[in-house]
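Hi,

Here is the structure I promised to pass on. Have a look at it first, and then read my notes below.

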Amino acid sequence: MQQSAAKADAPDFLQKIEQATGALQAERKNESIAGGKVSGGLVEIHDLQNLVIVSDLHGDSNSLFRILDEINYEQFLANPMNKLVFLGDYVDRGSDSIGVMYSVCYLKHTYPDSVVLMRGNHESPSEFPFSSHDLPYRIEERFGSGGKAVYTKLLSMFKLLTLATIVQQKLLLVHGGLPTEDVAIDNYKESIAAAQENHIRSRVLEELLWNDPRKVDGAPGWEPSRRGIGRHFGSSISRRWLQASGAKVIVRGHEPCQGFRIDHDGVVLTLFSCREAYPSFKAAYLMLNADQLYSTGNAKDLTQYVRFPA
Ligand SMILES: [Mn+2]
């Protein structure tokens with residue numbers, strides 16, 4: 001896969017995007033993935049054997065291939081009850097956005113029941129500002145005029161990426177953070193499922209992709225974000241989401257850290273998987289089995305399953 005990614009031309013890359021798009025469309029149409037349910041942008045996994053979570057990669061294909069190597073991905077993904085979930089932000093900042101995107105498309109197409117591709121703010125709709133979105137330039141650099149079609153296809157695939165994943169009523173996975181408005185929390189399944197379709201009139205998509213957990217005092221439990229988009233959500237919002245969804249821990253990416261970080265009294269775990277563009281931070285991923293997940297009560301419990309790629 002690493003070699004095919006390195007030598008792919010525009011038609012190869014287009015084909016991989018189309019194949020991954022086909023797999024994403026099929027699971028939405030069938031409303032199912034092995035051991036779970038797909039409702040629009042929401043994936044709920046009820047039954048699994050092993051779980052790996054990979055966070056932001058930002059064009060760092062070396063970190064991606066190292067992780068895939070370590071989990072022995074061909075064997076791991078051949079079992080549809082094992083899940084490899086990516087938290088989004090595949091592209092920008094690093095040197096090999098195309099290699100990462102090609103590879104995750106290959107994985108989704110080849111192992112559709114074992115791979116969940118979530119959406120990061122770097123894969124947002126074009127109406128939103130793309131912070132440091134160098135992907136179009138990387139595509140043009142590599143494919144010349146053949147790149148236009150590649151970019152267009154990628155943008156339409158981004159709309160099909162998963163916005164939130166709930167794993168065995170234990171983990172709630174998002175890229176950035178939790179939406180802050182009452183109506184989004186009270187009807188959380190519907191609000192996530194339809195967030196892409198409603199993104200012009202509702203903040204849910206923006207908040208899933210951009211929010212960050214912070215210490216926020218008092219009502220309404222959130223404050224404007226320093227990013228200029230999205231919000232900082234406080235621990236009261238985290239608690240309300242956990243109560244609504246029945247989950248114990250929120251796992252998200254979106255911020256560089258020393259592999260992982262805990263917020264909100266041990267209920268939010270931030271995970272970060274790329275090294276290249278952030279040399280002063282660490283890359284990490286999570287790997288655990290169903291029994292370990294079953295006995296997880298908070299983010300601290302999860303940290304024993306954090307691995308640092310060699
Ligand atoms: Mn992000």
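Start with the manganese ion: in this predicted model, four residues coordinate the ion, namely Asp-89 through OD, Asn-121 through OD1, His-175 through NE2 and His-254 through ND1, at 2.1 to 2.2 Å. Along the sequence, these donor residues follow the spacing D-x31-N-x53-H-x78-H. Try finding two of them on the chain: Asp-89 is in the loop between strand 5 (82–86) and helix 5 (97–110), while Asn-121 is in the loop between strand 6 (115–117) and helix 6 (135–143), so the pair ties together parts that are 32 residues apart in sequence. Asp-89 and Asn-121 are both buried.

Next, the nonpolar cores. The largest one has 47 residues, and Phe-86, Met-101 and Leu-107 have the most contacts inside it. Helix 5 gives the largest share of this core, with 7 residues. If you want one residue to click on, take Leu-107: leaving aside residues up to four places away in sequence, Leu-107 touches Met-1, Leu-68, Tyr-73, Leu-77, Leu-84, Phe-86, Pro-112 and Val-115. There is also a second, separate core of 27 residues, with Ala-164, Val-204, Ile-229 and Trp-241 among them.

Now the cysteines. How many disulfides does the structure hold? The count is 0. As a reminder, a disulfide is a covalent bond between the sulfur atoms of two cysteines. For Cys-105, the nearest cysteine sulfur is that of Cys-274, and it is 18 Å away. The sulfur of Cys-274 has its closest cysteine sulfur in Cys-257, but at 10 Å that is too far for a bond. Are Cys-105 and Cys-274 buried or exposed? Cys-105 counts as buried because its relative accessibility is 0%, and Cys-274 counts as buried at 0% too.

Last, the aromatic rings. The structure holds 7 aromatic pairs. One of them is Phe-272 with Tyr-278: their ring centres are 5.2 Å apart and their planes are at 85°, so this pair is edge-to-face. Phe-272 and Tyr-278 are both buried. Elsewhere, ring pairs join Phe-13, Tyr-102 and Phe-143 into a cluster.

Some rings have a charge over them as well. Arg-231 places its charged end over the ring of Trp-222, 3.4 Å from the ring centre. Lys-282 has its charged end over the ring of Phe-308, 6.0 Å from the centre.

Cheers

Technical notes. Residues are numbered from 1 along each chain as its sequence is written. This is a predicted model: local features need pLDDT of at least 70, side-chain atom pairs count only at pLDDT 80 or more; totals for chains, interfaces and linings use all residues. Side-chain values use heavy atoms; hydrogens and water are left out. Donors are N, O and S atoms within 2.8 Å of the metal (3.2 Å for Na, K and Ca); water is not among the atoms, so sites may look incomplete. Helices (H or I, at least four residues) and strands (E, at least two) are DSSP runs, numbered from the N terminus. Buried means under 20% relative accessible area, exposed over 50%, partly exposed in between (1.4 Å probe, protein chains only). A disulfide is a pair of cysteine sulfur atoms within 2.5 Å. Rings of Phe, Tyr and Trp (its six-membered ring) pair if their centres lie within 6.5 Å; planes under 30 degrees apart count as stacked, over 60 as edge-to-face and the rest as tilted. A charge sits over a ring if NZ of Lys or CZ of Arg is within 6 Å of the ring centre and within 35 degrees of the ring normal. A nonpolar core is a set of buried Ala, Val, Leu, Ile, Met, Phe, Trp, Tyr and Cys residues joined through side-chain atoms within 4.5 Å. Contact means heavy atoms within 4.5 Å.
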